[in-house]
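Trainee: I've got a new model open and I'd like to learn how to read it. Can we go through it together?

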Amino acid sequence: SETVASVASVTDRYLNFSSLENDFFSLQLPGRYRTLQSVTSTDMQIESAVDSVVMGLFATLVALGVVPVLRFPHHGPAQMVAEQLGRTLHDRLRAGSHAALFASDSAAASLQRPLLIILERDSELGVMLQHGWSYAALCHDLLDMKLNRVVITEEQTGGRKTQQTHDLGASDTFWASHGGAAFTVVTSDLDRELN
């Protein structure tokens, strides 16, 4: 009511990630893996890529209000990201004004820190050998899904193209209940719903 006039400014900080679902976030940094793995990348490009990944992870941790225990392999980009993230967390916590970013409501909660394991995609053999056959994974891979939105282009007679846009998220009941399900389960449930 009358307090609105007292607000001088509103500032959004730590927005270096996108979270379109309750249990999924993305740093929205296409090409960073290629930059970090390429032998042609300059030191400046690698430092910039590491900085952007660290700031995205830091923003995510601030949003969650947690200070994790960090684990990482001792080589390559994963180590660079983890060490810089550790330094950023330490520096921000040491500066008194930023300590409130991670303040919890109870002392017991501060004793239970989550574990953040930072790995490189090429060192995790399971990822290379096994693809997730979930509905969400296949939609991401096959339908070029971006920000929970799928655009399907159909070619009509006469060469004319039409586009249909579908938003997938919590408001889509089929997506919400089947996103993490195996694709075989999804196909049988879809057949049941359509018939």
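Trainee: In what order do the elements of the protein run from the N terminus on?

Mentor: Start with the element list, and keep in mind that this is a predicted model. Here the order is β-β-α-α-β-α-α-β-α-α-β-β-α-α, which adds up to eight helices and six strands.

Trainee: And how do I read the contacts: what share of those with a separation of 6 or more joins residues 24 or more positions apart?

Mentor: Contact here takes heavy atoms within 4.5 Å. In this protein, 58% of the contacts with a separation of 6 or more link residues 24 or more positions apart.

Trainee: What about burial and surface? How much of the protein is buried, and what supplies the exposed area?

Mentor: Buried means under 20% relative accessible area. Of the 195 residues, 25% are buried. The protein exposes about 14,000 Å², with carbon and sulfur atoms supplying 54% of that.

Trainee: Now the inside. Which residues have the most contacts within the largest nonpolar core?

Mentor: Look for buried nonpolar residues joined through their side chains. The largest such core has 20 residues, and Val-50, Leu-57, Phe-58, Val-81, Leu-85 and Ile-118 have the most contacts inside it. Helix H2 (43-64) and helix H3 (76-94) each supply at least two of its residues, and H2 gives the most, with 10.

Trainee: Let me zoom in on one. What does Val-50 contact, leaving aside neighbours within four places in sequence?

Mentor: Val-50 touches Leu-36, Met-80, Val-81 and Gln-84. There's also a second, separate core of 10 residues, including Cys-139, Met-145, Leu-168 and Ala-181.

How values were computed. Residues numbered from 1 in each chain as written. Predicted model: local features only at pLDDT ≥ 70, side-chain atom pairs only at ≥ 80, totals over all residues. Heavy atoms only, no water. Helix = DSSP H or I, 4+ residues; strand = E, 2+ residues; numbered from the N terminus. Buried < 20%, exposed > 50% of the residue type's maximum accessible area, 1.4 Å probe, protein only. Areas by Shrake-Rupley, 256 points an atom, 1.4 Å probe, with all protein chains shown as cover. Core = buried A, V, L, I, M, F, W, Y, C linked by side-chain atoms within 4.5 Å.
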